[in-house]
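Good morning, everyone, and thank you for making time for this. Please open the sequence and the structure side by side, and I will go through them slowly.

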Amino acid sequence: MIRRFLYNFFRGRNGFDQLAMTAWALSIVCLLLSFLPGTAGVVFNLLTFAAMVYTLFRILSRNVGKRAQENARYLSATAGLRRKLINLKTRFSQRKDFKFFTCPTCHTLLRVPRGKGKIQITCRKCGNRFSGKT
Ligand SMILES: [Zn+2]
């Protein structure tokens, strides 16, 4: 019965998209910072409230087309940053077996096995060669 109610309630609404998730995460960060003393705490308290209201607004909005447009704009604006975060995650999980280099010419991230001593690295994108210690 509750399931059916929730299903009907959220039908035709935007729901929890990536932008809503980001706003929600920001509200949590602001909530933690609102414990700061003085004016800073008050400002973060207000920001917590604003971010929570915006999150709810996105989830409950019935203007699905407009919200989808905003979400797509947000995703394309943060694409580079999200790729960097994924790269960092990959580097961290593979740090024991691989060493990572950035090509000095085209800045492509290159992965080489560890423990091979000083080697010549050839960039797979631009063909530039440079040496590195693994
Ligand atoms: Zn390169």
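**Salt bridges, a surface patch and a zinc site**

A search of the whole structure finds three salt bridges. Before I take them in turn, please keep in mind that this is a predicted model.

Let me begin with Arg-58, which forms a salt bridge with Asp-17, where the closest N and O atoms are 2.9 Å apart. Arg-58 sits in helix H3, while Asp-17 sits in the loop between H1 and helix H2 (18–33), so this pair ties together parts that are 41 residues apart in sequence. Are these two residues buried or exposed? Arg-58 is buried, and Asp-17 is buried too.

Arg-58 has another partner, since its side chain also meets that of Glu-70 in a salt bridge, at 2.7 Å from N to O. Here too the pair links distant parts of the chain, with Arg-58 in helix H3 and Glu-70 in helix H4 (residues 64–77), 12 residues apart.

Glu-70, in turn, forms a salt bridge with Arg-67, and the closest N and O atoms of that pair are 2.8 Å apart. Arg-67 and Glu-70 both belong to helix H4, three residues apart, which is about one turn of the helix. Why do we call both of them buried? The cut-off for buried is under 20% relative accessible area, and because Arg-67 has a relative accessibility of 7% and Glu-70 one of 17%, both count as buried. If you now put the pairs together, you will find that salt bridges with shared partners join Asp-17, Arg-58, Arg-67 and Glu-70 into one network.

Let us turn from these charged residues to the surface. Which residues form a nonpolar patch there? They are Ile-2, Phe-5, Leu-6, Phe-9, Phe-10, Leu-56 and Leu-60, and together they have about 650 Å² of accessible area. Two elements, helix H1 (2–10) and helix H3 (38–60), each give two or more residues to this patch, and H1 gives the most, with five residues. Phe-5, for example, lies in helix H1, and because its relative accessibility is 52%, Phe-5 counts as exposed, the cut-off being over 50%.

Now please move along the chain to the zinc ion. Its protein donors are the SG atoms of Cys-103, Cys-106, Cys-123 and Cys-126, which lie 2.2 to 2.3 Å from the ion. Why is the arrangement called tetrahedral? The four donor atoms subtend angles of 108 to 113° around the zinc ion, and that makes the arrangement tetrahedral. For orientation, the ideal angle for four tetrahedral donors is 109.5 degrees.

Along the chain, the donors follow the spacing C-x2-C-x16-C-x2-C. Within this set, Cys-106 and Cys-123 link distant parts of the chain, 17 residues apart: Cys-106 is in the loop between strand S1 (98–102) and strand S2 (109–113), and Cys-123 is in the loop between strand S3 (118–122) and strand S4 (129–133). Cys-106 is partly exposed, with a relative accessible area of 26%, whereas Cys-123 is buried, with a value of 3%.

Finally, a word on the overall layout. The domain assignment of the chain gives domain 1 (2–77) and domain 2 (89–133), and the C-alpha centres of domain 1 and domain 2 lie 39 Å apart.

Notes:
Residues numbered from 1 in each chain as written. Predicted model: local features only at pLDDT ≥ 70, side-chain atom pairs only at ≥ 80, totals over all residues. Heavy atoms only, no water. Donors = N, O, S within 2.8 Å, 3.2 Å for Na, K, Ca; no water. Tetrahedral: all angles 85-135°; square planar, octahedral: opposite > 155°, others 65-115°. Helix = DSSP H or I, 4+ residues; strand = E, 2+ residues; numbered from the N terminus. Buried < 20%, exposed > 50% of the residue type's maximum accessible area, 1.4 Å probe, protein only. Patch = residues over 30% accessible without salt bridge, like charges linked within 9 Å, V, L, I, M, F, W, Y side chains within 5 Å. Areas by Shrake-Rupley, 256 points an atom, 1.4 Å probe, with all protein chains shown as cover. Salt bridge = Lys/Arg side-chain N within 4 Å of Asp/Glu carboxyl O. Domains from an automatic or database assignment.
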